[in-house]
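Here is a short briefing on one structure. It covers an enclosed helix, the nonpolar cores and one loop residue.

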Amino acid sequence: MPIRAAQRPKLPVPAPASPSVLPIYLALFAVTLLVYARSATFDFINFDDPDYTGRPLSFPNLIWALTSHDAANWFPVTRLTHLIDFTLFGAQAGPAHLINALLHTAAALLLFAFLFRATAARWPSAFVAFLFALHPLHVESVAWIAERKDVLSACFGFLSLWAYVANRRALSLVAFALGLMSKSMLVTLPALLLLIDYWPLQRFRGWAAELRDKAVYFALAIAAGAITLFAQQSSGAIRTIESFPLGLRFANALVTCCVYIAQLFAPVNLAVFYPYPTNIPAWQPTLAAIALGAVTTLVWRARHSRPSLLTGWLWFIITLLPVIGIIQVGAQAHADRYMYIPMVGLAIMLAWGAADLLPQQPKPLAVLAAVALLTCALVTWNQLSYWQNSETLFQHAIDVTPANYLAEHNLGSYLLDKPGRLSDAAIHLRAALDLRPDYPQAQTDLATALAQSPGGLPQAISLYQSAQRILPDSPVIRDNLAKAEYSYGLSLLKQGAPADSIPHFQSSLALSPANPEAENNLGTAYAQTGHLAEAEKHFRQAIHLQPNYADAHLNLGVTLANANRPAEALPELETADRLQPDPQVERDIETLRRSIKR
């Protein structure tokens with residue numbers, strides 16, 4: 001049986017540029033930018049930002065943006081904006097942050113335009129838009145350059161909704177398509193169209209008619225969803241049932257819905273990453289299911305008298321579905337950014353619910369709304385400060401979340417590149433491995449830290465080997481292990497332990513064969529242990545890889561001379577002296593020439 005809206009007169013549709021709402025647009029623009037403009041002084045962070053930025057606009061990069069499945073997603077419009085950023089501003093993070101802030105501001109303005117056009121309710125629409133603009137849960141989407149896709153898709157999504165309400169179907173479809181190409185989480189927009197047809201437009205004509213009317217929207221959503229699933233599946237981003245059991249996923253999904261609602265009212269201890277729980281006590285999802293079921297029952301029963309509650313509640317639930325974790329992508333339990341569009345539904349419930357409950361109390365409601373929005377702005381200002389750089393961001397995440405292995409790792413990785421912070425980096429990288437021993441990225445970064453520490457090479461090699469067993473096809477781990485093996489072999493050779501250095505040079509060459517320095521030093525180790533034939537073979541290989549390698553020619557010449565092959569040794573020494581003149585080598589050449597004449 002189709003849902004039918006309450007029978008009441010059609011609402012008037014005011015002109016968007018009505019003078020009565022112009023101050024709201026101006027205030028929304030100014031306040032949002034005032035809160036977020038400080039992000040223009042922030043840095044990139046070392047979590048996803050490097051995967052999204054750093055490419056200029058060019059024809060090959062344009063093709064990459066349109067077709068790439070990097071980062072386990074397909075969002076060509078978002079990638080295009082990052083290409084333009086780098087072309088215009090280079091590696092500066094400030095302008096990219098400012099663009100995110102401007103897009104967030106535009107999204108808030110478009111949200112207000114859509115709601116006011118659909119409802120003619122000025123102050124409830126304004127409250128929802130200001131709450132969207134100023135709520136701390138949205139800091140992550142705005143302050144994180146890699147989350148440009150959130151603010152961009154919301155701009156196009158709200159524009160699509162406004163155009164739909166204004167009966168501009170072509171614009172609505174184009175905006176929806178661009179929104180899907182910014183972030184595919186917008187696939188739920190066709191369902192939102194069904195909801196707003198029920199309320200506030202009050203023109204729901206039954207399921208069959210509505211689905212026919214929105215067939216193109218659903219077709220676009222299905223296509224975008226299929227492309228995204230393919231990108232995520234092919235990149236290995238979709239987690240297996242073994243790593244995230246289905247029962248745990250459903251339990252986490254139920255609890256997460258309640259967490260998001262709680263964060264709307266108490267946005268405290270917000271973090272860039274929330275670790276996935278290894279287990280959830282049964283009472284938590286049970287209580288969450290009861291609470292969610294109770295709210296659903298209440299809004300359903302009130303659907304005729306207060307249809308805004310049903311639309312708002314279903315907006316929240318439906319837009320969360322793609323990221324609720326039944327299909328688990330990534331290792332997070334939940335994420336602030338996932339509430340960017342879903343929170344609008346809860347805000348609609350608050351705004352219109354309060355107006356319905358207290359229709360004769362506009363002043364107390366206005367004061368309460370103002371206090372709530374001012375509080376949000378202050379908390380957002382404070383939350384934004386944690387996004388200055390990777391150190392402030394991940395240290396905060398460590399402070400407010402338990403057992404946050406990813407924050408420990410990313411903080412350690414950031415400090416690893418800072419002069420004089422090597423010991424601090426190692427502390428956090430060890431903490432990450434203590435929390436998750438099979439974390440290959442932390443293993444490799446800790447190995448890198450140890451490789452730069454006195455006496456740390458043996459443990460570094462062990463960590464690289466452990467990481468390679470987990471990710472055997474990783475070229476970065478293979479190259480790092482090859483370098484560590486070579487460095488340790490060289491250290492042993494310099495310490496006068498050539499026999500001990502040999503297996504490390506061999507391991508390095510097995511991982512990275514085209515290394516003339518490793519071949520030369522392996523030859524030196526063999527020569528020092530009396531294995532002249534093996535030494536000759538590796539010196540010749542070093543010369544083959546690098547014909548003008550003076551040390552290899554010199555070492556080969558000395559080895560051949562020691563093997564009583566002076567005629568073969570002489571040209572090698574002469575070549576070495578020509579490439580790198582040395583008085584001692586010249587004397588050795590003269591001695592060798594005299595011995596040949598005799």
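Buried residues of H10 pack against six helices: H5, H8 (148-165), H9 (169-180), H11 (207-213), H12 (215-234) and H15 (307-320). The model is predicted.

**Helix H10**
- H10 spans residues 189-198, and 10 of its 10 residues are buried, so the helix is largely enclosed by the rest of the structure.
- The buried set includes Leu189, Pro190 and Ala191 at the start of the list.
- Leu192, Leu193, Leu194 and Leu195 are also buried.
- Ile196, Asp197 and Tyr198 complete the buried residues of H10.

**Nonpolar cores**
- The largest nonpolar core holds 138 residues.
- Phe114, Phe158 and Trp315 have the most contacts inside this core.
- Helix H5 (residues 93-119) supplies the largest share of the core, with 12 residues.
- A second core is separate and has 23 residues, among them Leu522, Tyr526, Tyr549 and Val585.

**Contacts of Trp315**
- Leaving out residues up to four places away in sequence, Trp315 touches Phe114, Phe158 and Leu161, among others.
- Its partners also include Leu192 and Leu195, both buried residues of H10.
- Ile341, Pro342, Val344, Gly345 and Ile348 are further contacts of Trp315.

**Loop residue Asn73**
- Asn73 sits in the loop that links helix H3 (59-67) to helix H4 (76-89).
- Its relative accessible area is 17%, so Asn73 counts as buried, the cut-off being under 20%.
- Beyond residues up to four places away in sequence, Asn73 touches Ser68, Arg79, Ser184, Thr228, Ala231 and Gln232.

Technical notes: Residues are numbered from 1 along each chain as its sequence is written. This is a predicted model: local features need pLDDT of at least 70, side-chain atom pairs count only at pLDDT 80 or more; totals for chains, interfaces and linings use all residues. Side-chain values use heavy atoms; hydrogens and water are left out. Helices (H or I, at least four residues) and strands (E, at least two) are DSSP runs, numbered from the N terminus. Buried means under 20% relative accessible area, exposed over 50%, partly exposed in between (1.4 Å probe, protein chains only). Contact means heavy atoms within 4.5 Å. A nonpolar core is a set of buried Ala, Val, Leu, Ile, Met, Phe, Trp, Tyr and Cys residues joined through side-chain atoms within 4.5 Å.
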